[in-house]
Amino acid sequence: MSNLADVTGRLRKMPAETADPVSYALAVGDERVPLNDLIGKPIRFDYEGVIRCINCDRTTKKSFNQGFCYPCFRKLAACDSCIMSPEKCHYHLGTCREPEWGETHCMIEHVVYLANSSGLKVGITRGSQVPTRWIDQGAVDAIPMLRVATRHLSGLVEVACKAHVADRTNWRAMLKGDVPELDLVQERQRILSLITDDIAALREEHGQGAIREVDEQGLDLTYPVHIWPAKIKTHNLDKTPEVEGVLEGIKGQYLILDTGVINIRKFTGYEVRFRVMGA
């Protein structure tokens, strides 16, 4: 068994489990380093100058779409533009890059939800990704609003919602802990009342059962943050391959150090050495 205070390997998105607070691990190669117990301790990343595609494992000079080489970025359905803009899904046109992938990831039930990460926002995710998606966004609370038949349809519903509510997180406010209190049950009813005509039109086109309002409970989330940063400074492994500091908190996919914050997901595929200093 390797020493989890000193591990080397390729970074992946941080796995997290729902708890009070959320429980995080750092995925480095095959190792999973528990992070919550490291808060208050000095840690260090050393980027070794190698990026390996998380799909095909080839070496790449630049990471595309958080961990892919350029050929995979160009050919994989997971990297198509419709992933960021699901209303642009073209599966029904027969032009999906990977139809089988589309069937298992897109042609299944999705959840349209409201979340509070830096204020009210609307979002979509596969049902199986609740609450992982909410944790990755650093939401302090979130609530399902609608369940819809496909990713494409969820994107169309999200477009209707965006006329009334934001669809982006202010990540700097999220990391400062500057999040207003919101009643998401009331907000759900308010947004639903505003998109009544849009939903009716989509049901007329796609079927009455394709969009279902839900009365599901929301989820409150807390994060292991001991000190909120007053000012946000970001670490970039491409510019500064050595990052060191005392771990003061974890939220979303960010580590909060006393020297700045680092978005672990941004550096997916980067080969690093991770150490707990003094361990």
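## Close-up views of a predicted model

**View 1. Cys161 has no sulfur partner for a bond.** The closest cysteine sulfur to that of Cys161 sits in Cys89, 18 Å off, which is too far for a bond. A disulfide here takes two cysteine sulfur atoms within 2.5 Å. This is a predicted model, so local features need pLDDT of at least 70 and side-chain atom pairs count only at pLDDT 80 or more, while totals for chains, interfaces and linings use all residues. Residues are numbered from 1 along each chain as its sequence is written, and side-chain values use heavy atoms, with hydrogens and water left out. What about Cys72: how far is its sulfur from the closest cysteine sulfur? That neighbour is Cys69, at 3.6 Å, and the gap is again too far for a bond. The count of disulfides therefore comes to 0 under that cut-off.

**View 2. Helix α5 is mostly covered.** Buried means under 20% relative accessible area, exposed means over 50%, and partly exposed is in between, using a 1.4 Å probe and protein chains only. Helices (H or I, at least four residues) and strands (E, at least two) are DSSP runs, numbered from the N terminus. Helix α5 spans residues 151–161, and 9 of its 11 residues are buried. Among them are Arg151, His152 and Glu158, along with Leu153, Val157 and Cys161. Cys161 has a relative accessible area of 0%, and Cys72, from the previous view, is buried too, with 1%.

**View 3. Strands β7 and β8 make a hairpin.** Strands count as paired when DSSP finds at least two bridges between them. β7 (residues 110–116) runs antiparallel to β8, with 7 bridges. Tyr113 stands opposite Gly123, which belongs to β8. There are 3 residues between the two strands, and in that turn Gly119 has a positive phi of about 130°. Is β8 (residues 120–126) mostly covered or mostly open? Mostly covered: 6 of its 7 residues are buried. As a general point, side chains in a regular strand alternate between the two faces of the sheet.

**View 4. A three-stranded open sheet has antiparallel pairing.** The strand order is β2-β3-β4. β2 (16–17) and β4 (31–34) are the edge strands, each pairing on one side only. β3 (residues 23–28) and β4 share 4 bridges in the antiparallel sense. Leu26 has Val33 of β4 as its bridge partner, and Val28 has Glu31 of β4. The β3–β4 hairpin has 2 residues between its strands, and Gly29 takes a positive phi near 60°.

**View 5. The largest nonpolar core has 45 residues.** A nonpolar core is a set of buried Ala, Val, Leu, Ile, Met, Phe, Trp, Tyr and Cys residues joined through side-chain atoms within 4.5 Å. Leu26, Leu35, Phe45, Leu237, Leu255 and Phe274 touch the most other members. A second, separate core of 22 residues includes Val112, Ile143, Leu184 and Ala210. Contact means heavy atoms within 4.5 Å. Leaving out residues up to four places away in sequence, Leu237 touches Phe45, Tyr47, Val243, Ile262, Phe267, Tyr270 and Val272.

**View 6. Ile262 sits in strand β14.** The strand covers residues 260–263, and Ile262 is buried at 0% relative accessible area. Its contacts beyond four places in sequence are His235, Leu237, Gln253, Tyr254, Leu255 and Phe267. His235 is 27 residues from Ile262 in sequence, yet their C-alpha atoms are 5.1 Å apart in space.

**View 7. Aromatic pairs, 8 by the count used here.** Rings of Phe, Tyr and Trp (its six-membered ring) pair if their centres lie within 6.5 Å; planes under 30 degrees apart are stacked, over 60 edge-to-face, and the rest tilted. The Phe45 and Phe274 rings have centres 5.0 Å apart and planes at 50°, so they are a tilted pair. Phe45 is in strand β5 (residues 42–52) and Phe274 in strand β15 (residues 270–276), so this pair ties together parts 229 residues apart in sequence. Both rings belong to buried residues: Phe45 at 1% relative accessibility and Phe274 at 0%. Trp171 and Tyr254, in contrast, are stacked, at 5.6 Å centre to centre with 5° between the planes. Trp171 lies in helix α6 (residues 171–175) and Tyr254 in strand β13 (residues 254–257), so parts 83 residues apart in sequence are tied together. Trp171 is partly exposed at 28%, whereas Tyr254 is buried at 12%. Ring pairs also link Tyr47, Phe267 and Tyr270 into a cluster.
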